[in-house]
Amino acid sequence: YNKLSLIVIDEQHRFGVLQRLALYSKGTKPDVLLMSATPIPRTLALTVYGDLAVSTISTMPPGRKPVITHLVKAGNEAKAYEFVKKHLLAGEQAYFIYPLIDESESLSLKNATNMFKELSHILSPLKGGLIHSKMDEASTQETMEAFKHNTLSFLVSTSIVEVGVDVPNATCMVIEHAERFGLAALHQLRGRIGRGNDESYCFLVWSEPLTQEAMQRLKVMKSTTDGFAIAEEDLSIRGPGDITGT
């Protein structure tokens, strides 16, 4: 492009400062529309220091209900699995989210690969699928299509499903080691459920040791489903970063 005049950046929180600058440089002062359900602290700071006009869509789409969020201490997750299984047997679907793909030598955290095997046993006879960023695109697409068409009752994944996944029949989500995810990621992940007309439930499973900041993040997630309120809390917890830097 040498005369780019309009840039629309969706899921703006996923783009870095340099990525956005690279786009801006393809035109002479192009108009820019940034969109995000969870503005990151830097974006909120730019609304003060930068030339940004802010528009807010504060209503949910018709028929949607706020997701009910529960905090679960590690060790009690069996109750969450049991609750989810009842909903799966009723024909609904669920996501199980993990911070790691495989076992780590340095971190003693649950991972998607091992938990897929474990959950396949716990949730039997229901069928599930596994997706993560190391899989080839064809396999990932095939699994996602099967999930969309309700051939699979549950999906075990990393945060790869954070954006762009729309399965209205999915009503439950379990995020394990939730204390390791940032507020924007947690809000985006939770946004994968509650997309239909049925009541939806999110279980944030947390482990000790829990830092003060992590506890704040979990409390925010339990107390609200408003992306802008969450973004403001994120700013107050993390601060705006280096305004003049990247």
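This section describes the pockets, a surface patch and the salt bridges of a predicted model.

The largest pocket has a volume of about 1900 Å³. Its lining comprises 50 residues, and those nearest the pocket centre are Met35, Ser36, Ala37, Pro39 and Phe228. Two or more lining residues come from each of helix H1 (17-24), strand S2 (31-34), helix H2 (41-49), helix H6 (183-190) and helix H8 (227-238). The greatest contribution is that of H2, with 5 residues. By class, the lining of the largest pocket consists of 23 nonpolar, 15 polar and 12 charged residues.

Methionine 35 is located in the loop between S2 and H2 and is partly exposed, with a relative accessibility of 34%. Besides lying among the residues nearest the centre of the largest pocket, Met35 belongs to a nonpolar surface patch with Leu6, Val8 and Leu33. Together the four residues of this patch have about 350 Å² of accessible area.

For the second largest pocket, the volume is about 180 Å³. Residues lining this pocket include Ser108, Leu109, His177, Glu179, Glu208 and Arg217. The lining divides into 3 nonpolar, 4 polar and 4 charged residues.

Two residues of the second lining, Glu208 and Arg217, also take part in salt bridges, of which the structure holds 7. Glutamate 208 is paired with lysine 73, with 3.6 Å between the closest N and O atoms. This salt bridge links distant parts of the chain, 135 residues apart: lysine 73 is in strand S3 (residues 68-73), and glutamate 208 is in the loop between strand S8 (201-206) and helix H7 (212-223). Lysine 73 is partly exposed at 38% relative accessible area, whereas glutamate 208, at 57%, is exposed.

Arginine 217 forms a salt bridge with glutamate 213, the closest N and O atoms being 4.0 Å apart. Both residues lie in helix H7, separated by 4 residues, or about one turn of the helix. Arginine 217 has a relative accessible area of 15% and therefore counts as buried, while glutamate 213 is partly exposed at 39%.

A further salt bridge joins glutamate 176 to lysine 110, with a closest N to O distance of 2.9 Å. Here too the pair links distant parts of the chain, with glutamate 176 in strand S7 and lysine 110 in the loop between strand S4 (93-97) and helix H4 (112-122), 66 residues apart. Glutamate 176 is buried, at 2% relative accessibility, and lysine 110 is partly exposed, at 24%. Through shared partners, salt bridges connect Glu77, Lys110 and Glu176 into one network.

Key:
Residues numbered from 1 in each chain as written. Predicted model: local features only at pLDDT ≥ 70, side-chain atom pairs only at ≥ 80, totals over all residues. Heavy atoms only, no water. 1 Å grid on protein atoms, 1.4 Å probe; cavity = no way out; pocket = protein on both sides within 12 Å on 5 of 7 lines; lining within 4 Å. Points joined across faces, edges and corners; volume = space filled by probe spheres on them. Nonpolar A, V, L, I, M, F, W, Y, C, P; charged D, E, K, R; others polar. Patch = residues over 30% accessible without salt bridge, like charges linked within 9 Å, V, L, I, M, F, W, Y side chains within 5 Å. Areas by Shrake-Rupley, 256 points an atom, 1.4 Å probe, with all protein chains shown as cover. Salt bridge = Lys/Arg side-chain N within 4 Å of Asp/Glu carboxyl O. Buried < 20%, exposed > 50% of the residue type's maximum accessible area, 1.4 Å probe, protein only.
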